[in-house]
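Work through the following exercises with the structure open beside you, and try each task before you read its solution.

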Amino acid sequence: MRNRYLDLLRFLAIVRVVVYHVTGWATLTLVFPAMSVMFALAGSLMAASLHRWGSGAVLRRLRRLLPSLWVLAAVFVPAMLLSGLPLTPKVLLWLFPVADPPANNWGALALSVIWYLRDYLWFVLASPVVFWLFRRAPVPTLLAPYALLATVEAGLFPAAPVALREFGLYFGAWLLGFAHQAGMLRRLANRVLLPVALTLAAAGGAWIVTHPGPRGYDLNDNHLGNALWSAAFILVLLGRGPASVAWVDRSALFGRVVTVFNRRALTVYLWHMPFVVALTPLVDVVGWSHQDPLGLAIRVALVFALVGVVTVLVGWVEDVAARRPPELLPGAPPAPSS
């Protein structure tokens with residue numbers, strides 16, 4: 001039985017990511033720290049898989065993660081090679097992105113979201129060992145990524161790569177997913193969880209305000225502030241989330257939209273950015289400013305429409321990867337029995 005509350009959170013996170021990439025509104029990152037929420041949900045699912053399948057969960061997760069990337073690469077890698085990308089062994093990283101796969105000038109922006117799969121892949125590979133540690137020492141294991149991030153931000157590792165900062169940030173969210181799956185967050189009393197969440201939010205907010213980035217108060221420019229602020233959100237969203245959200249399926253249309261976004265999460269995530277980049281020149285051609293509400297609304301609608309077309313065309317790969325019967329659009333109501 002799927003947890004529709006988690007499905008709803010994943011749906012909201014994906015929609016928020018797409019809208020943010022179209023509009024560039026930094027406030028959206030504060031209102032809903034979507035990437036950390038997505039990693040927390042993924043961590044919860046990974047912990048459940050490890051509990052059920054052991055180390056075999058790694059191969060199962062990779063089998064579900066990589067085919068959607070390969071479909072994207074089958075389209076864009078030849079296009080980049082034809083437009084100047086050197087053919088080197090690093091191109092093989094598009095098959096297994098343990099590091100950033102190579103891209104040319106336009107591909108680097110259109111395919112910039114690949115970092116998510118790079119981090120996701122490393123988190124999956126690290127999870128069996130970390131899960132073993134987490135079950136024996138949950139609190140120290142949970143705090144370790146945040147401690148690493150704090151030391152990096154304090155300047156103790158001045159040459160630390162961005163990937164190390166992202167590890168501290170997003171693997172912390174991943175381990176909060178472990179804690180959710182283990183029931184730890186639900187068991188925390190309000191007198192503990194709420195003060196901790198408020199303290200994290202206050203510390204994160206203070207750090208963000210006093211350390212603005214090039215885009216202002218955008219969480220993506222502030223790893224430590226992002227980690228603290230996001231941890232507060234995750235504690236509340238997963239620790240005090242409702243047991244059920246039956247209202248999601250009271251509307252057949254909305255319930256199916258939530259289902260489609262969950263069954264096609266990778267497809268939507270991987271393909272939306274190329275369309276965002278492709279549609280950006282409309283701002284100049286049509287004369288819309290980046291602050292024009294109507295223009296932004298039209299661009300958001302166009303991106304979702306184009307992603308919808310791609311989802312119908314290639315989204316079924318996610319069904320095959322999960323060993324489900326392929327569907328053009330999942331979530332159709334069962335046929336009435338005769």
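## Exercise 1: An arginine at the surface

Task: Decide whether Arg-323 is buried or exposed in this predicted model, and find which surface patch includes this residue.

Solution: Begin with the relative accessible area of Arg-323, which is 65%. Because a residue counts as exposed over 50%, Arg-323 is exposed. Next, locate the residue along the chain, where Arg-323 lies in the segment after helix 16 (316-321). Finally, look for its partners: Arg-323 forms a positive surface patch with Arg-52, Arg-60 and Arg-64.

## Exercise 2: A pair of aromatic rings

Task: Describe the geometry of the aromatic pair Phe-134 and Phe-178, and explain which parts of the chain the pair ties together.

Solution: A search of the whole structure gives 22 aromatic pairs, and one of them joins Phe-134 to Phe-178. To describe a pair of aromatic rings, one gives the distance of the centres and the angle of the planes. For Phe-134 and Phe-178 the centres are 5.8 Å apart and the planes meet at 80°; because planes over 60 degrees apart count as edge-to-face, that is the class of this pair. Then place the two residues: Phe-134 belongs to helix 6 (residues 114-136) and Phe-178 to helix 8 (residues 162-181), so the pair ties together parts that are 44 residues apart in sequence. As a last step, note that both Phe-134 and Phe-178 are buried.

## Exercise 3: Salt bridges compared

Task: For the salt bridges Arg-4 with Asp-7, Asp-221 with Arg-215 and Asp-319 with Arg-264, find the N to O distance, and then the accessibility of the residues.

Solution: The count for the structure is 12 salt bridges.

Start with Arg-4 and Asp-7, whose side chains meet at 3.1 Å, N to O. These two residues are 3 residues apart in helix 1 (residues 4-23), which means that about one helical turn separates them, and both are buried. Arg-4 and Asp-7 also take part in a network of salt bridges with Arg-10 and Asp-249.

Turn next to Asp-221 and Arg-215, where the closest N and O atoms are 2.7 Å apart. Asp-221 is partly exposed at 26% relative accessible area, and Arg-215, at 47%, also counts as partly exposed.

End with Asp-319 and Arg-264, whose closest N and O atoms are 2.7 Å apart. This pair links distant parts of the chain, since Asp-319 is in helix 16 and Arg-264 in the loop between helix 12 (252-263) and helix 13 (265-279), 55 residues apart. Asp-319 has 0% relative accessibility and counts as buried, and Arg-264 is likewise buried at 0%.

Key: Residues are numbered from 1 along each chain as its sequence is written. This is a predicted model: local features need pLDDT of at least 70, side-chain atom pairs count only at pLDDT 80 or more; totals for chains, interfaces and linings use all residues. Side-chain values use heavy atoms; hydrogens and water are left out. Patches are made of residues with over 30% relative accessible area and no salt bridge: like charges are joined within 9 Å, nonpolar side chains (Val, Leu, Ile, Met, Phe, Trp, Tyr) within 5 Å. Accessible areas come from the Shrake-Rupley method with a 1.4 Å probe; for residues, only the protein chains shown count as cover. A salt bridge is a side-chain nitrogen of Lys or Arg within 4 Å of a carboxyl oxygen of Asp or Glu. Lys and Arg count as positive and Asp and Glu as negative; His and the chain ends are not counted. The place of a charge is taken as NZ of Lys, CZ of Arg, CG of Asp or CD of Glu. Buried means under 20% relative accessible area, exposed over 50%, partly exposed in between (1.4 Å probe, protein chains only). Rings of Phe, Tyr and Trp (its six-membered ring) pair if their centres lie within 6.5 Å; planes under 30 degrees apart count as stacked, over 60 as edge-to-face and the rest as tilted. Helices (H or I, at least four residues) and strands (E, at least two) are DSSP runs, numbered from the N terminus.
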